[in-house]
Amino acid sequence: MYGWTQPKFHSTSARLLAVAARELPPVIWKASRELGWKPREVDVIVPHQVSNSFARKMCMLMGVPIDRCILTLEQFGNCGAASVPLALSHGVATGRVKKDDRVALLAAAAGFSAGVVGMVW
């Protein structure tokens, strides 16, 4: 219709993962200090889910086991900006997020922007 023969979105995943690995940990450490939490004290991590390698890398950098992450990529695919609230909802529905759990929501986006929200459920 518009003369496009191929999608115009292009991503360099390896480069974005490298940027996230460099830029997100300082954001996580700053949020941890402000919350008064050590990463190992977080019960549940809900990461932005563009790939399982992103979640594994963030857990490794934080020094927490991957089993603390609520990963939904295999069930729902890459849902973009909806991945964090979707995974949180899934975690609540399946009993992974419980009353008084310390929950860390981790978000990152191309460009690059990042954020961390800590909450006690």
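**Notebook: helix packing, cysteines and selected residues**

I began with the pair α1 (residues 13-35) and α2, whose axes come within 10 Å and cross at roughly 45°. At that angle the two helices, α1 and α2, are therefore oblique to each other. I then looked up the handedness, and α1 passes α2 in a right-handed crossing. On the α1 side the contact is made by L17, A20, A21, L24, P25, I28 and W29, and on the α2 side by S53, F54, K57, M58, L61 and M62. Sorted by class, this contact of α1 with α2 comprises eleven nonpolar residues, one polar residue and one charged residue. I note here that the model is a predicted one, and I read every entry on this page with that in mind.

**Overall layout**

I next went through the secondary structure of the protein chain, which has four helices and three strands. In sequence order these elements follow the pattern α-β-α-α-α-β-β. For the overall extent, I found that the C-alpha trace spans about 55 × 30 × 20 Å along its principal axes. The protein chain has 121 residues, of which 32% count as buried. I also looked up how far apart in sequence the contacting residues lie: of the contacts between residues at least 6 apart, 59% join residues at least 24 apart.

**M60**

Staying with α2, I looked at M60, which is found in that helix. Is M60 buried or exposed? Its relative accessibility is 55%, so M60 counts as exposed. I compared its position with that of A21, and the two residues, 39 apart in sequence, have C-alpha atoms 10.0 Å apart in space. A21 itself is one of the α1 residues that make the contact with α2.

**Cysteines**

How many disulfides does a search of the whole structure find? The search returned zero disulfides, and I wanted to see what keeps C59 and C69 from being counted. The cysteine sulfur closest to that of C59 is in C69, at 3.1 Å, which is too far for a bond. Seen from C69, the closest cysteine sulfur is the one in C59, again at 3.1 Å and too far for a bond. The cut-off matters for this reading, because a disulfide is a pair of cysteine sulfur atoms within 2.5 Å. Both residues are out of reach of the surface by the accessibility criterion: C59 is buried, with a relative accessible area of 2%, and C69 is buried as well, with a relative accessible area of 4%.

**T72**

I then moved on to T72, which is found in the loop between α2 (52-62) and α3 (73-76). T72 has a relative accessibility of 2% and therefore counts as buried. Which residues is T72 in contact with, once its neighbours within four places in sequence are left aside? I list Q49, G77, L86, A87 and H90 as the contacts of T72.

**D100**

My last entry concerns D100, which I looked up for its backbone: phi is near 75°, a positive value in a residue other than glycine. I recorded this value because most residues other than glycine have a negative phi. D100 has its place in the loop between α4 (83-93) and β2 (102-109). With a relative accessible area of 51%, D100 is exposed, whereas the loop residue T72, at 2% relative accessibility, counts as buried.

Methods
Residues are numbered from 1 along each chain as its sequence is written. This is a predicted model: local features need pLDDT of at least 70, side-chain atom pairs count only at pLDDT 80 or more; totals for chains, interfaces and linings use all residues. Side-chain values use heavy atoms; hydrogens and water are left out. Buried means under 20% relative accessible area, exposed over 50%, partly exposed in between (1.4 Å probe, protein chains only). Contact means heavy atoms within 4.5 Å. Axes are lines fitted to C-alpha atoms, for helices over the stretch in contact, and angles run from 0 to 180 degrees between N-to-C directions. Angles under 35 degrees count as roughly parallel, over 145 as roughly antiparallel, 65 to 115 as roughly perpendicular and the rest as oblique. A crossing is left-handed if the near helix is turned anticlockwise from the far one by less than a right angle, and right-handed if clockwise. Ala, Val, Leu, Ile, Met, Phe, Trp, Tyr, Cys and Pro count as nonpolar, Asp, Glu, Lys and Arg as charged, and the others, Gly among them, as polar.
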